[in-house]
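This report goes through selected local features of one protein model with a bound ligand. The sequence and structure come first, followed by the notes.

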Amino acid sequence: MAANWKMHKTPAETAEFFAALRPRLLAGAAPFVVVAPPFPCIPAAVVAAAGLDVAIAGQNLYWEPRGAFTGEVSGPILKAAGCDYVIVGHSERRQYFGETDETVNRKVGAALEAGLTPIVCVGETLAEREAGHTETVLRRQFERGLWSLGVEQILNCVLAYEPVWAIGTGRTATPETAQAAHAFLRSLAQSTFGGEAAGHLRILYGGSVKPENVAGLMAQPDVDGGLVGGASLDAACFASLLG
Ligand code: PGA
C-alpha cells in the first residue's frame, strides 16, 4: 500500500505520522508499505521508518544523475537519501508540469539505473474514457513509457493504474472497472515481456482509495495494491487501509 502525500506535510508532521502509524505496523499482518513524502521530508521519513517494513519513495526525479539542473532531484540523490522507490509519470506531473510518455521513459530508465523501483503511473482522463479510448491511452502510455525495458527491468518496476477522473475527486473506479483496466495492463505486459514477468508485475490502483472502498478494490485478482493520496495523510485513516 503506497502513500503519495503530494505537496503535504512538514518534516515534523512526517515524524508525527510515523509515530502514530508505528504501532499498527509493528502489530504485524500489514501489507508492505511505501510512503512518498515531499523531498525535504525524506530524511525525517527515513529515520522514522527505521525497523519498519516501510520503504520511502520520491514523488518524482530527473533523468540526469547530476548537473546544472536547478530545482531538480536525481535518482542517485534519492537513493543516497534513503529512498528505494520513486513515483514516475503521475497524472498531476503530466497535467501541470509537462510530463510526457517520453520523459516518463527517460525517468524510468534513470530510476532503475540508480537502483530505485519506479512506480509508473498510467491512466485515462474522463474525456478519454467517455470517448471509448481507455485502452488506446493505456496502451500508448505503457508502450511509450516502458518500450526500452527488458524482462529483468520490468520485474523491478511497479505499475499504477490511476484513472485521472478518480484522483482527488472522491469518485472511485468500481472494482469491476479497475479490474478490467488492470487485466488489460497485465495483458500488455504479457505480450511485451512474457507470461512470467506479467504474472509477477505488481499493479497498484490509485484514485480516491478510502476505507469504504479499499476491500472491494483489493479483492480483484489483478489489483495488487493501492496508491493513495488524500486518505494517506491521516495516520489512522491510512492504517485502516492496511487491513
Ligand atoms: P487520491 O490520489 O487518493 O487523493 O485520489 C491518488 C493519487 O493521486 O495517487
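## Strand β8 and its partners

In this predicted model, Tyr 205 has Gly 226 of β8 as its bridge partner. Tyr 205 belongs to the pairing between strand β7, residues 202–206, and β8, which is parallel and comprises three bridges. Strand β8 also pairs with β1, again in the parallel sense, and here the count is two bridges. In that pairing, Ala 2 is placed opposite Leu 227 of β8.

Strand β8 itself covers residues 225–228. Gly 225 and Leu 227 point to one side of the strand, Gly 226 and Val 228 point to the other, and all of them are buried. The bridge partner of Tyr 205, Gly 226, is thus one of the buried residues of β8, and so is Leu 227, the residue opposite Ala 2.

## Strand β4 and its partners

Strand β4 runs over residues 85–88 and is covered on both faces. Tyr 85 and Ile 87 lie on one side, Val 86 and Val 88 on the other, and all of these are buried. For Val 88, which is located in β4, the relative accessibility is 0%, so the residue counts as buried. From Val 88 to Pro 23 the C-alpha to C-alpha distance is 30 Å, with their positions 65 residues apart in sequence.

Strand β3, residues 54–58, is joined to β4 by two bridges, and the two strands run parallel. Within this pair, Gly 58 is found opposite Val 86 of β4. Between β3 and β4 the chain passes through helix α3, residues 75–81, and the resulting β-α-β crossover is right-handed.

β4 is also joined to strand β5, residues 117–122, by four bridges, and these strands run parallel too. Tyr 85 has Thr 117 of β5 as its bridge partner.

## Ligand surroundings

How many residues surround the ligand? There are 13, and the closest are Lys 6, His 90, Glu 162, Gly 168 and Ser 208. Sorted by class, this shell consists of four nonpolar, seven polar and two charged residues.

Several short distances involve oxygen atoms of the ligand. Lys 6 contributes a polar side-chain atom that is 2.7 Å from a ligand oxygen. Ser 208 contributes a backbone N or O atom, at 2.7 Å from a ligand oxygen. A backbone N or O atom of Gly 230 is likewise placed 2.8 Å from an oxygen atom of the ligand. The ligand on its own exposes 280 Å², and 95% of that area is buried by the protein.

## Positive phi angles

Lys 9 is not a glycine, yet its phi is positive, at about 85°. Lys 9 sits in the loop between β1 and α1, where α1 covers residues 11–26. Is Lys 9 buried, partly exposed or exposed? With a relative accessibility of 22%, Lys 9 counts as partly exposed, because the limit for buried is under 20%.

Ala 29 is another residue other than glycine with a positive phi, in this case near 55°. Ala 29 is located in the loop between α1 and β2, the latter covering residues 33–36. The relative accessibility of Ala 29 is 79%, so this residue counts as exposed.

## Asn 4 and Ser 240

Asn 4 is part of strand β1, residues 2–4. The relative accessible area of Asn 4 is 5%, so Asn 4 is buried. Asn 4 and Ala 180 are separated by 176 residues in sequence and by 24 Å in space, taken from C-alpha to C-alpha.

Ser 240 is found in helix α12, which covers residues 235–240. At 39% relative accessibility, Ser 240 counts as partly exposed. A polar atom of the Ser 240 side chain lies 2.6 Å from the backbone oxygen of Cys 237. In sequence, Ser 240 and Arg 24 are 216 residues apart, while in space their C-alpha atoms are 9.1 Å apart.

Conventions:
Residues are numbered from 1 along each chain as its sequence is written. This is a predicted model: local features need pLDDT of at least 70, side-chain atom pairs count only at pLDDT 80 or more; totals for chains, interfaces and linings use all residues. Side-chain values use heavy atoms; hydrogens and water are left out. Buried means under 20% relative accessible area, exposed over 50%, partly exposed in between (1.4 Å probe, protein chains only). Two strands pair if DSSP finds at least two bridges between them. A crossover is right-handed if, with the strands pointing away from the viewer, the path from the first strand over the helix to the second runs clockwise. A residue is near a molecule or strand if one of its heavy atoms lies within 4 Å of it. A polar contact is a pair of N or O atoms within 3.5 Å; within protein, one must be able to donate a hydrogen and the other to accept it, and residues adjacent in sequence count only if both atoms are side-chain atoms. Accessible areas come from the Shrake-Rupley method with a 1.4 Å probe; for residues, only the protein chains shown count as cover. Ala, Val, Leu, Ile, Met, Phe, Trp, Tyr, Cys and Pro count as nonpolar, Asp, Glu, Lys and Arg as charged, and the others, Gly among them, as polar.
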